[in-house]
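Colleague: Hi! Could you walk me through this one while I have it open on my screen?
Modeller: Happy to, let's pull it up.

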Amino acid sequence: VSWKPIDRNSSTAANDAEPLLSGAIREKIKGFFPRYETKRAALLPALHIVQEACGHISHPAMIEVAELLEIHPSDVLDVVSFYTHFCDHPKGQKTLLVCRSLSCELMGGDAVLNKIKDTLAVGEHGTTEDGRYTLMTEECLAACDMAPCMLINERMVGNLTADGVSAVLDDPDNDRLPIPRNALFDPPQQGARAGQGSTSDVQEMIDAD
Ligand code: FES
């Protein structure tokens, strides 16, 4: 058996390739640097920012994040692959994140999940043909009092029933946030803007670029 060595320290991105991360996204990530003692410590906020802006975190994007934070690309890949919340491949317009933990299972979560699969004709990690939904599951979403539940993008939808699944999926506003958006991943100086309830903070920056 001959083993093919993997070079984890060298970038495989073409040197003349256009950067994936816009200037605005990079500035937003850099806005977190003063909050921590090392740039490495800003990795989780950086990944949230990239995923929100790009929809997923591709391998070239991981390399750019690594360069920005002055760490190895393999360190970024380790974190992205550890947390199920991060995705390295494109997703649909809306992500359904169905809870698969005990409380939800006891309250009929399996039936809800199966109904979603049947209705959308997708399996877990699948995306509908029209690109509208990607279906994923995750452990406890910390909303056991609303079991069974799921996230539609960032909106929590609880007390689901198999019979009610179609109505939820057909609602075009099913991911609209009922409260101002959490400003957790906005740098300190941008927190006031994020508190206005806009979900388009990053989109504005993309459009402006
Ligand atoms: S078990 Fe589903 S939210 Fe906790």
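Colleague: Thanks! How many salt bridges does the count come to?
Modeller: The count comes to 9 salt bridges. Keep in mind that this is a predicted model.

Colleague: Which residue forms a salt bridge with Glu 139?
Modeller: That is Arg 100, and the closest N and O atoms of the pair are 2.7 Å apart. The pair links distant parts of the chain, with their positions 39 residues apart in the numbering. Glu 139 sits in the loop between β2 and β3, while Arg 100 is in the loop between β1 (94-99) and α5 (102-106).

Colleague: Where do Glu 139 and Arg 100 fall, buried or exposed?
Modeller: In between. Glu 139 is partly exposed, with a relative accessible area of 42%, and Arg 100 counts as partly exposed at 40%.

Colleague: What about Lys 117, which side chain does it meet in a salt bridge?
Modeller: Lys 117 meets Glu 124, at 3.8 Å from N to O. That pair is within the 4 Å cut-off, so it counts as a salt bridge. Lys 117 has a relative accessible area of 24% and Glu 124 is at 36%. Lys 117 is partly exposed because buried means under 20%.

Colleague: And Asp 173, which partner does it have?
Modeller: Asp 173 meets Arg 176 in a salt bridge, 3.3 Å from N to O. Asp 173 counts as partly exposed at 37% relative accessibility, whereas Arg 176 counts as exposed at 53%.

Colleague: Switching to the backbone: which peptide bond is cis?
Modeller: The one from Ala 147 to Pro 148, with omega near -5°. Pro 148 lies in the loop between β2 (133-138) and β3 (150-152).

Colleague: OK, and what is the phi of Glu 70?
Modeller: Glu 70 has a positive phi of about 55°, although it is not a glycine. That deserves a look because most residues other than glycine have a negative phi.

Colleague: Where is Glu 70, then?
Modeller: Glu 70 is in the loop between α3 (59-69) and α4 (73-82). At 61% relative accessibility, Glu 70 counts as exposed.

Colleague: What about the phi of Asn 159?
Modeller: Asn 159 has a positive phi too, about 50°, and is not a glycine. You'll find Asn 159 in the loop between β4 (155-157) and α7 (165-170). Asn 159 counts as exposed because its relative accessibility is 55% and the cut-off is over 50%.

Note on methods
Residues numbered from 1 in each chain as written. Predicted model: local features only at pLDDT ≥ 70, side-chain atom pairs only at ≥ 80, totals over all residues. Heavy atoms only, no water. Helix = DSSP H or I, 4+ residues; strand = E, 2+ residues; numbered from the N terminus. Buried < 20%, exposed > 50% of the residue type's maximum accessible area, 1.4 Å probe, protein only.
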